[in-house]
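Q: Could we go through this structure together? I would like to start with its cavities and then turn to a few residues.

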Amino acid sequence: MTIRLREYAAAAALTLAATAAAAQSYPSKPIRLVVPFPAGGTTDLLARTVGQRLTMAWGQPVIIENRPGAGATIGADYVAKAHPDGYTLLMAAVHHTIAANYYKTLPYDLRKDLAPVSVVAIVPNVLVVRPDLPVSNVQELVAYAKANPGKLTYASNGAGTAHNLIGEQFKTMTGTDIMHIPYKGSAPALTDLMGGRVTMMFDTVSSCLPYVQAGKLKALAVATSSRSSVLPDVPTLSESGLPGFDIASWFGVMAPAGTPASIIGQLSDEIARSLADPAVRKQLQPIGAEPVGSTPQAMRKRIDDEIGRYGQLMKQAGLTEQ
């Protein structure tokens, strides 16, 4: 072996040793879990649930850091550029697979710059309208929108998000003219919806359920192929005359690319263990969230599949960055 090869071998051995030592001591300090939406929405709620369980398991605090904006891409970019040591994580969502198609340019590559850890939960989306709107089902909403072209508005938690895609798909399939009003997250959008400043919204059932139950919003349909367990009397969009409509929201943890596989495995295993706990499942059940706890490989496949599928849907709906 030449001197240069010996130097390379020694350097590689030192790197492996350092990586192994870091993994064995992980976590040895607080972890930041970045939520790319404001506090109060489904992403934030699930992040706090996961963070609390990781804190209990490891004795190190998991700090939730909200970095909203630009269709959830500001927070994603922040994590993508963070040091890959397992101490800065992203609470990712379906919105990121859609943003990969929506934005002409992004400062990060979802598949190259971020590493999947685990899908945390899948949550149905629901169509809600303000209570004073004179409609009681999807058919009446479509008729009302056609009788008032350009006058109705739908809120979303940001341009290029799942709820924006659902709204545009709804418009395309119903032939209606409804204006899109983007927000930085579900919480401010719901506030304006209940305040009468927008007409309707597609949102995760977790975020809007308390307002539906309180009579502050009316739920007209679920945007997934099957009904929600927490809203069993609300039909799906397919049942309401829009066959094949099926867009659910998933939420999961990702880390900067280059994070040691041992740390990603440790995170994935602990998240799955937490989500299998009956107490956690009971905690998530009332908000309509279905716990998952997937492997990194399964999350990678979901991301790859959705980037392709939603890219086609967005082309059909004419949804691209303006």
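A: The answers below concern a predicted model and take up its cavities, one serine and its aromatic rings.

Q: How many cavities of 30 Å³ or more does the structure hold?
A: There are 2 cavities of that size in the structure. The largest has a volume of about 70 Å³. The second largest has a volume of about 50 Å³.

Q: Let us take the largest cavity. Which residues are closest to its centre?
A: The residues closest to the centre of the largest cavity are F37, T42, T43, N157 and S186, out of 13 that line it. Two elements, α2 (42-58) and β8 (200-204), give two or more residues to this lining. The element that gives the most is α2, with 3 residues.

Q: And what about the domains, which ones does that lining draw on?
A: At least three residues of the lining of the largest cavity come from each of domain 1 (31-122 + 249-317) and domain 2 (124-240).

Q: How do the residues of that lining divide into nonpolar, polar and charged?
A: The lining of the largest cavity has 3 nonpolar, 8 polar and 2 charged residues.

Q: Now the second largest cavity: which residues line it?
A: Its lining consists of T49, V50, R53, L54, I271, S274, L275 and V280. Of these residues, 5 are nonpolar, 2 polar and 1 charged. Both α2 and α10 supply at least two residues of this lining, and the largest share, 4 residues, comes from α2.

Q: Since α10 has come up, where does S268 lie?
A: S268 lies in helix α10, which covers residues 261-275.

Q: Is S268 buried or exposed?
A: S268 has a relative accessible area of 4%. Buried means under 20%, so S268 counts as buried.

Q: What is S268 in contact with, leaving aside its neighbours within four places in sequence?
A: S268 is in contact with V117, S118, S294, T295 and P296.

Q: Changing topic, how many aromatic pairs are there in the whole structure?
A: A search of the whole structure finds 4 aromatic pairs. In one of them, the ring centres of Y102 and Y103 are 4.8 Å apart and the planes stand at 90°.

Q: Why is the pair of Y102 and Y103 described as it is?
A: Planes over 60 degrees apart count as edge-to-face, and the planes of Y102 and Y103 are at 90°, so this pair is edge-to-face. Y102 is buried, with a relative accessible area of 9%, and Y103 is also buried, at 14%.

Q: Which residues do ring pairs link into a cluster?
A: Ring pairs join Y26, W58 and Y87 into a cluster.

Conventions
Residues are numbered from 1 along each chain as its sequence is written. This is a predicted model: local features need pLDDT of at least 70, side-chain atom pairs count only at pLDDT 80 or more; totals for chains, interfaces and linings use all residues. Side-chain values use heavy atoms; hydrogens and water are left out. Buried means under 20% relative accessible area, exposed over 50%, partly exposed in between (1.4 Å probe, protein chains only). Contact means heavy atoms within 4.5 Å. On a 1 Å grid over the protein atoms alone, a cavity is a set of points where a 1.4 Å probe fits but cannot get out, and a pocket is an open set with protein on both sides within 12 Å along at least five of seven lines; lining residues have an atom within 4 Å of a point. Grid points are joined across faces, edges and corners, and a volume is the space filled by probe spheres set on the points. Ala, Val, Leu, Ile, Met, Phe, Trp, Tyr, Cys and Pro count as nonpolar, Asp, Glu, Lys and Arg as charged, and the others, Gly among them, as polar. Domain bounds come from an automatic or database domain assignment. Rings of Phe, Tyr and Trp (its six-membered ring) pair if their centres lie within 6.5 Å; planes under 30 degrees apart count as stacked, over 60 as edge-to-face and the rest as tilted.
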